[in-house]
Every structure is written in C-alpha cells, then in structure tokens.
Amino acid sequence: MAIADVRREQPDVRFDTVLVESNSNAATDAVAIATGFLARRGLVGVVGHVTSSASLATSQLYNEARVVQLSPTATSVLYTQAGTYSYRMVPPDDQQAHFLCEVLCQRFEPGSRVAVLYVNDDYGRGLRTLLRASLDSSPLDVVLDVPHAEDEKRPEAIADLVRAVVDARPDVLVFLGSSPSLATYLPGLRAARPTLPIIGSDAVSSWERTTAPRAVWQFVSYVDFVDMAATPALQAFSQRFQERTGRVATGPDVLTYDATRLLLQAVAEGAATGEAVRAFLASLGRERDAYAAVSGPLRFSPEGNPERTFVLRTVEAAR
C-alpha cells in the first residue's frame, strides 16, 4: 500500500524496493535475509524486522553497513543500544512496563492481587523483569508470576496453568505474550473466572485474528501502539486495508505503512545513502517538522526511539 501510494502521489520520485516475506523468527533466518538485502547495491534503508529477536540479530549487520534499520514493532530495550542506524516505530519495553504498572495502579486499589503470566522467550522474560521492577515498588501484591510456552497444545499443561491462576485468586491477570497463546487459556479461565479482568501486553493487539470466540475476549484490555479508531486518517487507513487484504488493520500494519512511507520520503528529499537517511530521521521535529504519519506526528529521540507513548484498548462486548 505504501509503495503504491508513493508511486501514485510522487511519480517523479525514483526508488527501488524489495519485499521479502518470512514466517520464521529464527535469528539465522533473519540474518540470511539481511545478508541478501545488503548484497544489493545502493541500499539505504530497511523496514524490519518485525520482532525484537530478528531485529537484534540483524542490527549489527545494518549498522556496520551504515544502512538505516527501521523496525515497525521491535520493543526490546537492547535494540536501543544496537547502533546509530537502528530506529524503531514503537517505544521500548521499559516504557511499556511503566505504562502497564500505571494502568494497574489506576484501575485497582492498593493491595489488589496481581497474577503475571509471561511467555518464556526473550520478549516475555525481558518485559516481565521490567514489569516486576515497577510492580515491586507499587502498592499492588503480585501473587503469581509464572512462565508459559508459546504454542502450548498439551491439554494437561493448559489446565495446570489455568488452575494455578484460579488458585492464586487474583483481582487481575497480566498476560505478557501473543494473542494466540492467550486464546489457548481463555476458555478455561472464563469457565472458572468469567469476569476476571485481563490486561495483555502489546502482543495481544492482534486478538481479532485468532479463532477464539469474541465472547471469551470480554473483560480483556491490552496495550497497543495505536488506537486505530482515534482519527479520521486512521479510520480511512483501516477501511482501505480491510478492502485490500480482507483483514482488520492493527497497529503494526499502520506502523509498517508509516515506516515505509517515511523512508521513501527521505529518498524523495534527496537522501541517497544510509547516512543521509539517518540524518533525515534525526532532523524530524528539530531542523524540520515532525513527520505527518498516519499514526500521528513522528519524531525520534537521539537513541532512535519514537517520542510517543502507548494506548490501552479494551475489547468491546460481543453484539
């Protein structure tokens, strides 16, 4: 969508693009893709990779080649330290952890019981450590803090984890993991605690793409990068995206669109090297206006992080 829009709106701008799709999150696969990109002459920027692990695995290669890497959704704190050519469209996990703790303290009284389930990978462990640092200095009481496996299929393991949550008698469950993983546990959780409030991390934002019935998602809120209904521009994007793909647009979709258009805008304004693209990004909101992205005005900190915050969204009751 971004490439087609730029070609239509700015037909005189010359650029080449390469699109690569991968279902793998393995570092070796990400490095292979990055190596293929870097073999192309004239490369100035890359939109990707999607996950923190893939972005971190490839960041050293891009920095050594002085090619801007603009990740749409990598949230790892370590990515901030990857290098001066590493940019991202979302705030890092230390800010998400602080945001989650603030939400919990605003919604629940001092002494309220909090259960934390986190996915046992780099994303989940890192976010959980940061969240616990905030919660441990809050007036809330963490009564359960256990990991879960991504793509867990064993009925006994699912039942055991649901039982652990129920036995802890939490006032709220914080789920740090993907929407498909949460969908695995929701039927059991809803059978035992029908109205238990659940607050998910950003990885829950794609919940509408799961096969779980909408009814089980009631009382679920989640951190998101963008409120897709917040502005007419976002609403128009969502409609166009659904017409084109047949899928509901999420924050990562519009951020990928914005990231692509942002790099192409740098090219349109004369950036012909990765260093020039980096200088363009660094100038936003300083020497020049913030970039008018669909997701909202965009400028970056000196560390390459966007100067914006998270939003909390709540699943509406089934109609």
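**Exercise 1.** Determine how helices H4 and H5 pack in this predicted model.

*Solution.*
Step 1. Helix H4 spans residues 93-107 and helix H5 spans residues 122-135; their axes lie 8 Å apart at an angle of about 50°.
Step 2. Angles under 35 degrees count as roughly parallel and those from 65 to 115 as roughly perpendicular, so H4 is oblique to H5.
Step 3. The crossing of the two helices is right-handed.
Step 4. On the H4 side the contact includes Ala-97, Leu-100, Cys-101 and Leu-104, and on the H5 side Leu-127, Leu-130 and Leu-131 are among the residues met. By class, this contact has 9 nonpolar, 3 polar and 2 charged residues.

**Exercise 2.** Describe the salt bridges formed by Asp-5 and by Glu-9, with the burial of each partner.

*Solution.*
Step 1. Asp-5 pairs with Arg-8 at 3.2 Å, N to O. The two residues are 3 apart in helix H1, and therefore separated by about one helical turn.
Step 2. Buried means under 20% relative accessible area and exposed over 50%. Asp-5, at 2%, is therefore buried, whereas Arg-8, at 56%, is exposed.
Step 3. Glu-9 forms a salt bridge with Arg-261, with the closest N and O atoms 2.5 Å apart. Because Glu-9 lies in H1 and Arg-261 in helix H9, the pair ties together parts that are 252 residues apart in sequence.
Step 4. Glu-9 is partly exposed at 42%; Arg-261 is buried at 14%.

**Exercise 3.** Locate the salt bridge between Arg-163 and Asp-160.

*Solution.*
Step 1. Their closest N and O atoms are 2.8 Å apart.
Step 2. Both residues lie in helix H6, about one turn apart.
Step 3. Arg-163 is partly exposed at 45%, and Asp-160 is partly exposed at 44%.

Technical notes
Residues are numbered from 1 along each chain as its sequence is written. This is a predicted model: local features need pLDDT of at least 70, side-chain atom pairs count only at pLDDT 80 or more; totals for chains, interfaces and linings use all residues. Side-chain values use heavy atoms; hydrogens and water are left out. Axes are lines fitted to C-alpha atoms, for helices over the stretch in contact, and angles run from 0 to 180 degrees between N-to-C directions. Helices (H or I, at least four residues) and strands (E, at least two) are DSSP runs, numbered from the N terminus. Angles under 35 degrees count as roughly parallel, over 145 as roughly antiparallel, 65 to 115 as roughly perpendicular and the rest as oblique. A crossing is left-handed if the near helix is turned anticlockwise from the far one by less than a right angle, and right-handed if clockwise. Contact means heavy atoms within 4.5 Å. Ala, Val, Leu, Ile, Met, Phe, Trp, Tyr, Cys and Pro count as nonpolar, Asp, Glu, Lys and Arg as charged, and the others, Gly among them, as polar. A salt bridge is a side-chain nitrogen of Lys or Arg within 4 Å of a carboxyl oxygen of Asp or Glu. Buried means under 20% relative accessible area, exposed over 50%, partly exposed in between (1.4 Å probe, protein chains only).
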